[in-house]
Amino acid sequence: MLNSFNTNVFINCPIDEEYKPLLRALLFTIYRCGYIPRIATERSDSGESRLEKIKELILNSQHSIHDLSRIKCQERDEYYRLNMSFEIGLDFGCRFFHCKDKKALILEEEKYSIQKALSDLIGGDPKCHYGDPKKLVIEVRSWFIEIGTEDIDGGSKIWDDFNVFYADLYKKKLGEGFKKKEFENLPIPEFNRHIKEWIESDD
Amino acid sequence: MAGKRVHIIKRDNGWAVKKQGAQKASKIYETKEVAKERANPLRKKGYDLVIHKRDGSIEEWKKASK
């Protein structure tokens, strides 16, 4: 019997509107592969520092997925966001000095971008999703297989299931009186709860 | 219990028309417009037509016309 450390997957990714479609597909895929996503936005307590929360998530997750898609500024004078690079450093530090039995997946949006911007990670075999949620599903599913997870459906099946889940949730929420905009902005804990319920009801 | 639905879903090589619960897509079309056109008659057979965006979210939900 696996404990939650073995099934927890720490997610280090951009938290913005543009990334939201990828994050939704990522959360669904992790649950669908039998794991539990852990992300800083899974709970909100103004009394808890973000860094403490991230430390706790890293310590309690054997697995981690780091999406370094925002490694390049899009516009002149835009600040390069360092959170993702900082958090992968914390996670790798934990792996090197505290818990060697950790496994990580690094994702990038543009092929070889990590090689150019963060050469310390050369050899880390990053996988590229090209900003496409379906490709992300395929890559993440393949990684779970590569680390030894068995009995996972194919990536295309998981992608189709994600589409069906999304339609079911859309109908349910609009039926409950949610506006489309509210539905599109469901908080992560609520979205996660519905994924879990949907998968359990499908079993 | 969900009613009968047919989904239009993004695939690498086009847009799939897939009935909910089916193992495989009925067919994959090069463009979304053609997929919508070909799936539309199923509405008369009692199927809702659920058209997805590239990211899996909902672009349009057309009720069965029967």
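How are α6(A) and α7(A) oriented to each other? To find out, let us walk through this model, which is a predicted one, beginning with the chain that holds both helices.

Chain A contains 9 helices and 5 strands. If you follow the sequence from its start, the elements come in the order α-β-α-β-α-β-α-β-α-β-α-α-α-α. Is the fold drawn together or stretched out? For 203 residues, a compact globule would have a radius of gyration near 17 Å, and chain A agrees because its own value is 17 Å. Measured out along the principal axes, its C-alpha atoms fill a box of roughly 50 × 45 × 40 Å. Of the 203 residues in this chain, 34% count as buried. Distant parts of the sequence also meet: among contacts in chain A with a separation of 6 or more, 69% are between residues 24 or more positions apart.

Now back to the opening question. Helix α6 of chain A covers residues 133–146, and helix α7 of chain A covers residues 155–175. Their axes come within 9 Å and cross at roughly 130°. The cut-off for roughly antiparallel is over 145 degrees, while 65 to 115 counts as roughly perpendicular. α6(A) and α7(A) are therefore oblique to each other. The crossing in which α6(A) passes α7(A) is right-handed. On the α6(A) side, the contact is made by K134(A), V137(A), I138(A), R141(A) and S142(A). From α7(A) come G155(A), I158(A), W159(A) and F162(A). Sorted by class, the residues of this contact are 5 nonpolar, 2 polar and 2 charged.

The loop between α6 and α7 of chain A deserves a look too, and D151(A) is found there. This residue has a positive phi of about 55°, although it is not a glycine. D151(A) has 7 other C-beta atoms within 10 Å, so it is exposed.

Another aspartate invites the same kind of look. D77(A) lies in the loop between β3 (63–67) and α4 (83–97) of chain A. Its phi is positive, at about 70°, and it is not a glycine either. Is D77(A) buried or exposed? It counts as exposed, because it has 5 C-beta neighbours inside 10 Å.

Helix α7 of chain A has a further partner to visit. Helix α2 of chain A, residues 20–32, packs with α7(A) at an angle of about 115°, and the axes are 10 Å apart. This crossing of α2(A) and α7(A) is right-handed. Which residues make the contact? On α2(A) they are A25(A), F28(A), T29(A) and R32(A), and on α7(A) they are I158(A), D161(A), F162(A) and F165(A). The residues of this contact divide into 5 nonpolar, 1 polar and 2 charged. Look out for I158(A) and F162(A) as you turn the model: they take part in the contact with α2(A), and they are also among the residues that meet α6(A).

Let us move on to chain B, which has 1 helix and 5 strands. From the N terminus on, they run β-β-β-α-β-β. Chain B is as compact as a globular protein of its length, because its radius of gyration of 11 Å is close to the 11 Å that the globule rule gives for 66 residues. The C-alpha trace spans about 30 × 25 × 20 Å along its principal axes. Of the 66 residues in chain B, 30% count as buried. Residues 24 or more positions apart account for 27% of its contacts with a separation of 6 or more.

For a closer view of one residue, find K19(B) in strand β2 (residues 14–19) of chain B. K19(B) counts as partly exposed, because it has 16 C-beta neighbours inside 10 Å. Leaving aside residues up to four places away in sequence, K19(B) touches V6(B) and S26(B). K19(B) and V6(B) are 13 residues apart in sequence, yet their C-alpha atoms are 4.2 Å apart in space.

Finally, where do the two chains meet? The contact takes 13 residues from chain B and 12 residues from chain A. On the chain B side, β1 (5–11) and β4 (48–52) each supply at least two residues. The largest share of that side, 4 residues, comes from β1(B). By class, the chain B residues that touch chain A divide into 4 nonpolar, 5 polar and 4 charged.

Conventions. Residues numbered from 1 in each chain as written. Chains lettered and ligands numbered in written order. Predicted model: local features only at pLDDT ≥ 70, side-chain atom pairs only at ≥ 80, totals over all residues. Rg over C-alpha atoms; globule rule 2.2 N^0.38 Å. Buried ≥ 20, exposed ≤ 12 C-beta atoms within 10 Å, placed from the backbone. Contact = placed C-beta atoms within 7 Å. Axes fitted to C-alpha atoms, helices over the stretch in contact; angles between N-to-C directions. Parallel < 35°, antiparallel > 145°, perpendicular 65-115°, else oblique. Left-handed = near helix turned anticlockwise from the far one by under 90°. Nonpolar A, V, L, I, M, F, W, Y, C, P; charged D, E, K, R; others polar.
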